[in-house]
Protein chains: 2
Amino acid sequence: MTRVAIPEDSLFGLANLPYGVFSTPGTRPRVGVRVADSVVDLTVLDDVFAAPYLNPFMAQGHARWVEVRERIRDLVSGDVDDAAVHPVDAVTLHLPFEVADYVDFYASEHHASNLGRLFRPGSEPLQPNWKHLPVGYHGRAGTVVPSGTDIVRPSGQRKPPSDAAPSYGASRRLDIEAEVGFVVGTGSPLGTPVGVDDFGERVFGVVLVNDWSARDIQAWEYVPLGPFLGKSFATSISPWVVPLLALESARVATPPQDPEPLPYLREKNPWGLDLDLSISWNGQVVSRPPYREMYWSPAQMLAHLTVNGASSRTGDLFASGTVSGPDRDQRGAFIELTWGGAEPVEVNGEPRTFLEDGDEVVISATAPGPPGTRIGFGEVTGRVLPAR
Amino acid sequence: MTRVAIPEDSLFGLANLPYGVFSTPGTRPRVGVRVADSVVDLTVLDDVFAAPYLNPFMAQGHARWVEVRERIRDLVSGDVDDAAVHPVDAVTLHLPFEVADYVDFYASEHHASNLGRLFRPGSEPLQPNWKHLPVGYHGRAGTVVPSGTDIVRPSGQRKPPSDAAPSYGASRRLDIEAEVGFVVGTGSPLGTPVGVDDFGERVFGVVLVNDWSARDIQAWEYVPLGPFLGKSFATSISPWVVPLLALESARVATPPQDPEPLPYLREKNPWGLDLDLSISWNGQVVSRPPYREMYWSPAQMLAHLTVNGASSRTGDLFASGTVSGPDRDQRGAFIELTWGGAEPVEVNGEPRTFLEDGDEVVISATAPGPPGTRIGFGEVTGRVLPAR
């Protein structure tokens, strides 16, 4: 038996306990919990964790999430079977859940305004609908990949404004979007919207998302039906799903909304999350987007997503869209940070705009835990490989 | 033992043999084949058909599809165990496959031009990219429902041009889109595009699609990220997947493409499908859209969908977008047929524009089979229920 050492300042202490799917050499993927620098195999607790995805556990519902969280806390506070404890550096981490539908929102006013200025210069930066509803669209669930997956530079059609016709080739404007993703635990049936105050019953947890974006492909293709191949080549998520139950201390009021949204979007107690994101480019932190600045709240996104009667399923992932704050060094995409490439940032002494082959991006985040503590999210990392 | 009677003029003869998932009272859903007016239980042939979806069989690949089709032809040409044969009217038909990702294209020049005129009056009807690439977007896989599912009128935000602000309520402009959908049998890995001449190896079969559309919700929400809640409440598909192998005689040349598309979209022998669709509104045929008029071919759609390295999976569904021909009575959506509601059509003696509660829409199709014969698609039907 062994006792898991938890340093007082660990971002993965007893207040966090995020779930992931791991394997060790020669064993099958199964669910574990991260505690400090260890992964504890949860199959010692319940057979539902022998699945290679969190989905069966998430589908058991909110009461079970609460109960199991208590049991995990008891388990890892005492002596654990040696065979169930692995150093986090010694395991392989997999996609933590099977993604049902993937929706991406556009919930940061700073980001939407910046992109509006860049994509539609001379027009109003925000479209007329933006302050009335959380704008969103469906992305490709099948290309959501776990942190650490290499990103092959995508090819496709691009048409620079100076060219008369489009050409085929590797994207020259490969970018990131630092986002926060919400994982639906228990679905809702067709024809029954999820009320804006029912978020906590339905949503299991939170991940970090890198919505890789090929801006040249996107700019040419996206009118009138929205982003498609400019995004669908890969979306990376962090390996650890931080339970919503761990984020009680991170709740903050959302910024004021004007005009007041329609009743189906009005929360009794509107809340956002006080997450500090950090974006590192080849090892150098270039931006620190503050999630607390987001205009639309997580609960408003889910209520909107289902207001037309659309069902939701265990494993649905919906992401916030790029998290950008008001300051330049709070922007969550390089197209904003470098103003479309016109204002390079210095990375390790070199001026940089969009991603080059070999570049590595790491997005991480922390949030307030119980008084005096912070909890961490797993990093979402990815390295750019040359186009094939 | 029994011999399945196949009238010479049956649309479901030995040249068709579409797959579906059925159950009888007290039994579990399993795969069957439609022969004339009977469903033959395919679990008598192979255990892979005991699954409640076609996915495990589709994943076995093209060589198996060919081999099993021969075995089915032999099976139903001889005497079959009585217990394996059911009248089609006596079974319940289910969603035939588990939908992985759902993509909807916009491949009809007539439809895209009509919608452009209606949604963006005074501008060029086709966007600059339209003739260079098959425009498409991701839809909601989780709300793809089988034919016969009632469609609850969706609610959401709408803002008629005459109103200063949006309001919440039931859609007043509920519409259909008659489409043809293609089902991916064997997926392709991340980073490896599907070549435009590899369609036949990857695509298992074809279904009819009704992409229900709330035009007022769509018009307000769709800028700049595309359609979302105006579509995501329900997409109906026909219960029978017609194998691509049954459609050899239905292949026709696609209309000329000018400008010539980029090399990755150039087929050695470009082909479309000579399907005659029919749309019936409360029992009266109001339109007969010809699939042979579609500008972008099925193979071009799949090649484009994966050109950026996006993977595909067994069960991916991609639909053509509304099938519209050049004539008014060939338009595949009511917004086109009634020109935005300005030119009602007469349905059973009444002038009609958009869908009313209680309306039923049936989309069906036939295609040329071996000389002198035709093959049929299953109908896709749906009835509109009042908003909740």
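In the predicted model, the feature "binding site" is placed by an unreviewed UniProt entry at D211(A), K231(A) and T235(A). These positions span 25 residues in sequence, yet no two of their C-alpha atoms are more than 7.6 Å apart, so the annotated residues gather at one spot.

Two of these annotated positions were examined further. D211(A) is located in the loop between β16 (203–210) and β17 (213–214) of chain A. With a relative accessibility of 1%, D211(A) counts as buried, because the threshold for that class is under 20% relative accessible area. When residues up to four places away in sequence are not counted, D211(A) touches Y102(A), D104(A), Y137(A), I176(A), E177(A), E179(A), K231(A) and T235(A). Both K231(A) and T235(A), which share the annotation with D211(A), therefore appear among the contacts of that residue.

T235(A), in turn, belongs to strand β18 (residues 235–237) of chain A. This threonine is likewise buried, at a relative accessible area of 2%. Apart from neighbours within four places in sequence, T235(A) is in contact with Y102(A), T143(A), V144(A), V145(A), V209(A), N210(A), D211(A) and W212(A). Y102(A) is thus listed for T235(A) and also for D211(A).

Elsewhere in chain A, an open sheet of 5 strands is arranged in the order β6-β4-β3-β2-β7, with antiparallel pairing. Its edges are formed by β6 (85–87) and β7 (92–94), each of which pairs on one side only. On average, and with direction ignored, neighbouring strands of this sheet are turned by 45° against each other. At the β7 edge, strand β2 (residues 19–23) of chain A is joined to β7(A) by 3 bridges, and the two strands run antiparallel. S23(A) has T92(A) of β7(A) as its bridge partner.

Aromatic contacts were also surveyed, and 36 aromatic pairs were found over all chains in a search of the whole structure. In one of them, the rings of Y168(A) and Y264(B) have centres 5.5 Å apart and planes at 45°, so the pair is classed as tilted. Y168(A) lies in strand β13 (residues 167–170) of chain A, whereas Y264(B) occupies the loop between β20 (251–252) and β21 (272–273) of chain B, so the pair joins two chains. The two tyrosines have separate accessibility classes: Y168(A) is partly exposed, with a relative accessible area of 41%, while Y264(B) is buried, at 14%.

A further aromatic pair, F199(A) with W271(A), is edge-to-face, with 5.5 Å from centre to centre and 75° between the planes. F199(A) is part of helix α4 (residues 199–202) of chain A and W271(A) lies in the loop between β20 (251–252) and β21 (272–273) of chain A, so the pair ties together parts that are 72 residues apart in sequence. Both residues are buried. F199(A) and W271(A) also belong to a cluster linked by ring pairs, together with F105(A), F182(A), Y291(A), F318(A) and, from chain B, F228(B).

Charged side chains placed over aromatic rings were found in both chains. In chain A, R34(A) lies over the face of F12(A), at 3.8 Å from the ring centre. In chain B, the charged end of R251(B) sits over the ring of W271(B), 3.8 Å from its centre.

Conventions
Residues are numbered from 1 along each chain as its sequence is written. Chains are lettered from A and ligands numbered from 1 in the order in which they are written. This is a predicted model: local features need pLDDT of at least 70, side-chain atom pairs count only at pLDDT 80 or more; totals for chains, interfaces and linings use all residues. Side-chain values use heavy atoms; hydrogens and water are left out. UniProt positions are given in the numbering used here, feature names are shortened, and annotations may be inferred rather than shown by experiment. Helices (H or I, at least four residues) and strands (E, at least two) are DSSP runs, numbered from the N terminus. Buried means under 20% relative accessible area, exposed over 50%, partly exposed in between (1.4 Å probe, protein chains only). Contact means heavy atoms within 4.5 Å. Two strands pair if DSSP finds at least two bridges between them. Axes are lines fitted to C-alpha atoms, for helices over the stretch in contact, and angles run from 0 to 180 degrees between N-to-C directions. Rings of Phe, Tyr and Trp (its six-membered ring) pair if their centres lie within 6.5 Å; planes under 30 degrees apart count as stacked, over 60 as edge-to-face and the rest as tilted. A charge sits over a ring if NZ of Lys or CZ of Arg is within 6 Å of the ring centre and within 35 degrees of the ring normal.
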